[in-house]
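Work through the exercises below with the sequence and the 3D structure in view. Try each task before reading its solution.

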Amino acid sequence: MTFWFFLVLGLLTYLLMQHSVARATRTPVWLLWLVLMTPAFISTAWTLIYGVKQAPPSALIISVSVICLLLYWVLFNSGRQLPINRENQSQENQEQANNNYPNNYPNNYPNSTIEKPPVRPIDLAEEAQLRTCFPWSVYFIQKIEYRPQAIICRGQLRTMASAAYAQIKANIEKEFGDRFLVIFQEGMNGKPFFVLVPNSQAAKQNNQRDSENITQPGLALVLLIATLVSTTFVGLKIAGFQVTQIESDFTLFFQGLPYALGLMTILATHELGHYLTARFYKIRATLPYFIPVPFFLGTFGAFITMRSPIPHRKALFDVSIAGSLAGFIVTIPLLIWGLANSEIVDLPEKTGMLNPNALNPKYSILLALLSKLALGSELTVKSAIDLHPVAVAGFLGLIVTALNLMPVGQLDGGHIVHAMFGQRTAVIIGQVARLSLLILSLLREEFLLWAIILLFIPLTDEPALNDVTELDNKRDFMGLMSMVLLLLIVLPLPQFLANLLQI
């Protein structure tokens with residue numbers, strides 16, 4: 001069973017790397033895949049030889065993982081794709097360069113209705129006008145390149161990135177009106193360049209028509225009610241009742257509300273944090289939509305959709321971190337109240353992290369600290385917790401917060417590291433996070449599902465219009481604290497802290 005599982009996991013990993021990594025490096029994907037999967041191969045071989053009862057030495061897995069991580073980083077960066085700048089390249093090479101253009105504007109933006117423009121969207125006279133939009137003291141333009149979906153203006157930045165973007169964007173709008181979407185991004189060689197995406201009149205009219213109907217309040221309300229019902233039925237089971245008992249006593253239905261209201265409050269607060277911050281930056285966004293399911297947790301969460309580009313990295317950071325922080329702030333009091341009203345039970349010989357009837361709080365540093373705060377001396381070394389339904393909702397809130405803070409692709413954490421370090425570095429951090437969680441899942445099987453989920457999430461996300469200007473110190477500090485919060489939720493309680501807390 002273990003062999004076939006890792007075989008399927010390996011095939012999925014290869015397909016995802018072929019889709020996302022192949023465009024970013026010349027290093028063969030099969031070689032990167034072998035390096036990435038080596039720890040899993042060693043663990044599987046050990047299990048086949050010695051059986052499941054004898055786990056591989058932790059020192060072996062950790063040392064091999066560190067070596068593979070460093071080797072992967074070296075191989076990935078040694079073959080990293082650089083922009084093609086040679087004037088005399090052949091037409092075949094030019095077409096290949098077009099296909100390898102890093103962010104494929106404007107298709108990265110969700111629900112884009114921009115039509116595919118011609119290869120040369122401006123004539124020679126307009127090109128001369130375009131050059132005048134770049135003052136030599138602001139951005140000394142050296143070369144204009146034409147792509148099927150963009151005009152790329154390369155040169156030397158002569159002033160602050162934020163001031164350069166604001167002035168050049170204003171100059172282009174003065175000369176060309178709203179014909180172009182102006183994007184400022186850092187290239188693979190570390191030099192910033194401007195991208196002009198043609199904005200057709202039809203797309204503009206479609207955006208105007210859609211602006212009033214971006215959200216469907218009726219659908220959002222129906223999904224909200226449906227999710228409340230589905231989570232209430234799940235909450236009824238968590239409270240120890242059967243759904244069939246409602247037929248004889250309908251008032252039992254309300255026993256499922258504590259879990260349902262707790263979980264939905266956390267999810268709604270998380271999404272409203274994104275929504276309100278997006279509105280603050282004048283980003284068009286939908287209201288939160290819940291996803292009801294009649295099993296599992298009663299819901300697959302909630303989401304909003306942003307229908308316009310992010311203006312700059314500060315906005316990207318604020319919109320991303322607002323949801324996770326808002327949801328976490330609501331989670332803490334609900335979890336503490338739920339833990340205080342939970343029951344202490346004997347710690348079984350084998351416990352699972354997601355067992356609400358006998359939860360070992362030492363699976364998480366933060367959970368252990370909050371459990372000791374809520375239960376005090378009742379919680380001992382031999383204790384587990386039979387969670388109150390509200391505590392179950394709070395515990396799931398911690399899991400949702402941690403999963404969203406994973407620094408990978410389009411998750412909140414991926415946006416945060418993108419805003420802090422730039423998109424190129426964020427891709428590397430995402431690869432490291434994927435590999436680290438995969439290694440952790442070999443030591444703690446509870447994280448295996450997380451590792452698989454991260455493999456399906458692309459490493460790149462949509463760049464901001466001004467994707468060059470860096471964050472201020474306050475936001476950098478908040479971003480680092482969000483990563484600390486992730487570690488506090490994910491990492492198990494060290495033994496010295498367990499001794500200190502007497503649990």
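**Exercise 1. Which residues in α8 are buried?**

Solution. The model is predicted: local features need pLDDT of at least 70, side-chain atom pairs count only at pLDDT 80 or more, and totals for chains, interfaces and linings use all residues. Residues are numbered from 1 along each chain as its sequence is written, and side-chain values use heavy atoms, with hydrogens and water left out.

Step 1. Helices (H or I, at least four residues) and strands (E, at least two) are DSSP runs, numbered from the N terminus. Helix α8 covers residues 217–238.

Step 2. Buried means under 20% relative accessible area, exposed over 50%, and partly exposed in between (1.4 Å probe, protein chains only). In α8, the buried residues are Ala 220, Leu 223, Thr 227, Ser 230, Thr 231, Thr 232, Val 234, Gly 235 and Leu 236.

Step 3. The cover over these buried residues includes α9 (257–280), β5 (289–292) and β6 (299–303).

**Exercise 2. Compare the spans of α8 and α9 with the expected values.**

Solution. Step 1. The expected span of a helix is 1.5 Å times one less than its number of residues.

Step 2. Helix α8 has 22 residues and reaches 31 Å from first to last C-alpha, close to the expected 32 Å. For the 24 residues of α9 the expected span is 34 Å, and the 33 Å between its end C-alpha atoms agrees with this.

Step 3. Look just past the helix ends. Gly 240, just after α8, has a positive phi of about 100°; Lys 282, just after α9, has a positive phi of about 60°.

**Exercise 3. Why is there no bond between the sulfur of Cys 133 and the closest cysteine sulfur?**

Solution. Step 1. A disulfide is counted when a pair of cysteine sulfur atoms lies within 2.5 Å.

Step 2. The closest cysteine sulfur to that of Cys 133 belongs to Cys 153 and is 9.0 Å away, which is too far for a bond. By this rule the count is zero disulfides.

Step 3. Check the accessibility of both residues. Cys 133 counts as buried because its relative accessibility is 1%, and Cys 153 counts as buried because its value is 0%.

**Exercise 4. Describe the open sheet that contains β3 and β4.**

Solution. Step 1. Two strands pair if DSSP finds at least two bridges between them. The open sheet has four strands in the order β1-β2-β4-β3, with antiparallel pairing.

Step 2. Find the edges. β1 (139–147) and β3 each have a single partner strand, so one side of each is left without a neighbour in the sheet.

Step 3. Follow one pair. Seven bridges join β3 to the antiparallel strand β4 (residues 192–198). Gln 185 has Phe 193 in β4 as its bridge partner, and Ile 183 stands opposite Val 195 in β4. The hairpin of β3 and β4 has five residues between the strands, and Gly 190 in this hairpin takes a positive phi near 85°.

Step 4. Judge how enclosed β3 is. Five of the seven residues of β3 (residues 180–186) are buried, so this strand is largely enclosed by the rest of the structure.

**Exercise 5. Is Ile 67 buried or exposed?**

Solution. Step 1. Ile 67 is found in helix α3 (residues 58–78).

Step 2. Its relative accessibility is 56%, so Ile 67 counts as exposed.

Step 3. Val 35 is 32 residues from Ile 67 along the chain, and their C-alpha atoms are separated by 9.2 Å.

Key:
Contact = heavy atoms within 4.5 Å.
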